[in-house]
Amino acid sequence: MSDPMLLLSGVTREHRQGDSVVHALRGVDLAVHAGELVAVMGPSGSGKSTLLHVAGGLDTPTAGAVLVEGRDLAQLSAAQVAAVRRRSIGYVFQDLNLLPSLTALENVSLPLELDGSRGGLARRAARDALEEVGVGHLAGRFPDDMSGGQQQRVAIARALVGPRRLLLADEPTGALDSATGEEVLRVLRARCEAGAAGVLVTHEARHAAWADRVVFLRDGVVVDQSGPVAGADSLLATGGGV
Amino acid sequence: MHTPYMSIRHGLLALLERGPSHGYQLRAEFDAATGATWPLNVGQVYTTLDRLERDGLVAQDGEPDADGRIAYRLTDAGHAEVSGWFASPVSAKSAPRDELAIKLALAVTTPGVDVLSVVQTQRTGTMATLQEFTRLKMRAGDGDDLAWSLVLDSLVFRAEAEIRWLDHCEARVARASAGRPQNTVAHAPASDRAARR
């Protein structure tokens with residue numbers, strides 16, 4: 001198999017609170033390859049949000065290494081880490097994903113333009129990304145004129161626009177009803193099968209089940225993993241994502 | 001006949017993990033552990049003990065007492081069977097959901113069983129099942145066959161409910177063990193999962 005898109009190796013993250021040390025993550029190993037969606041499940045306080053922040057270069061591990069597309073973030077300058085975040089990594093949160101004063105197209109093209117792409121190229125890539133998540137017809141809409149599910153599709157398009165291939169999602173369906181949430185997960189899953197790598201943090205088993213693998217986090221430690229299930233290939237008509 | 005027998009069988013073996021016992025006593029302990037949600041008659045207990053003896057999982061412990069009652073103890077194979085039962089998830093397809101409730105009720109009352117490991121093993125097993133159902137949904141597509149898709153949803157929500165119940169059990173067990181430093185939920189001798197924690 002090729003190099004993972006994201007590799008966490010022995011990642012520990014400690015927070016100091018007065019005299020005591022809180023271990024948010026303890027020796028976490030995780031590899032996520034292109035074409036793969038991995039869910040991280042755990043109760044609140046288990047460290048799953050810290051894991052996502054560390055994976056995205058928003059937080060720095062106390063020990064261990066984080067590699068994005070083979071590049072060790074600890075070996076990069078702050079400016080280089082920022083460039084990796086712009087070019088390789090996209091985020092989808094529960095809400096407040098989109099800038100309300102920009103259209104869907106402008107929201108999606110913004111990261112490319114911030115990275116120096118010319119306007120025309122950025123808009124073309126943004127239009128492609130919107131088409132890929134099934135909301136190409138909403139390119140000119142403002143976020144307030146879209147449903148929650150449509151906004152999350154636009155957020156997924158922005159997370160994977162242009163060269164970005166690593167999508168980090170924190171409870172992306174938390175604010176949606178179950179049927180709409182499922183449509184968003186279907187889109188997320190399809191984008192991963194088309195070649196992206198996804199990490200989905202959730203406390204909902206039903207959402208985690210859309211992933212190829214489910215990692216269970218407890219008190220900052222990976223206690224177990226589920227899947228790929230032996231024999232499940234026979235249930236799959238397509239081999240995508242496996 | 002197959003599935004209830006499997007649960008009684010493992011229920012009795014788990015009770016014998018506490019020490020030798022005879023049929024009447026086992027029946028009372030089984031009812032006490034499971035809140036009498038699934039009462040056994042003593043005939044079922046002795047039939048099951050006979051089969052367990054035939055299978056080499058229990059053996060008679062000494063001579064019959066003054067009332068003619070025979071006590072049974074676990075053999076080495078019986079001990080292994082109990083460990084294996086607690087270490088493996090209940091299959092949603094082949095067993096009644098009651099077996100899981102009974103397993104957890106016995107896990108919290110059987111010495112030396114790491115209840116949190118039992119819970120996690122089941123959660124992983126149920127999650128694998130939930131992933132299978134979700135893959136079937138993916139293949140079914142979005143709204144092509146509504147009836148089939150709703151049937152799959154019922155399986156998905158049932159599996160999800162089981163996982164939520166397991167989360168709840170875990171929180172309750174953790175709270176109970178925080179209140180009592182010395183209790184039965186500490187460590188499992190036969191669990192490699194415990195070693196990974």
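This short talk is about salt bridges in the structure above. Keep in mind that the model is predicted.

Start with the total. The search covered the whole structure and found 20 salt bridges over all chains. I will go through three of them.

First up, chain A. Glu183(A) and Arg153(A) pair through their side chains, with 3.7 Å from N to O. The two residues sit in distant parts of the chain, 30 residues apart. Glu183(A) belongs to helix α6, residues 178-193, and Arg153(A) to helix α5, residues 148-159. Now, buried or exposed? Arg153(A) is buried, at 18% relative accessible area. That follows because buried means under 20%. Glu183(A) is partly exposed, at 34%.

Next, chain B. Here Arg69(B) bridges to Asp67(B), and the N to O distance is 3.8 Å. Asp67(B) is exposed, with 61% relative accessible area. Arg69(B) comes out as partly exposed, at 29%.

Staying in chain B, look at Lys137(B). Which residue does its side chain meet in a salt bridge? The partner is Asp153(B), at 2.4 Å from N to O. This pair also links distant parts of its chain, with the two positions 16 residues apart in numbering. Lys137(B) lies in helix α6, residues 115-140, while Asp153(B) lies in helix α7, residues 146-179. Both residues are buried.

That pair does not stand alone. Which residues join Lys137(B) and Asp153(B) in one network? They are Glu182(A) and Arg186(A), connected through salt bridges that share partners. So when you look at the model, find Lys137(B) and Asp153(B), then pick out Glu182(A) and Arg186(A) in chain A.

Note on methods
Residues are numbered from 1 along each chain as its sequence is written. Chains are lettered from A and ligands numbered from 1 in the order in which they are written. This is a predicted model: local features need pLDDT of at least 70, side-chain atom pairs count only at pLDDT 80 or more; totals for chains, interfaces and linings use all residues. Side-chain values use heavy atoms; hydrogens and water are left out. A salt bridge is a side-chain nitrogen of Lys or Arg within 4 Å of a carboxyl oxygen of Asp or Glu. Helices (H or I, at least four residues) and strands (E, at least two) are DSSP runs, numbered from the N terminus. Buried means under 20% relative accessible area, exposed over 50%, partly exposed in between (1.4 Å probe, protein chains only).
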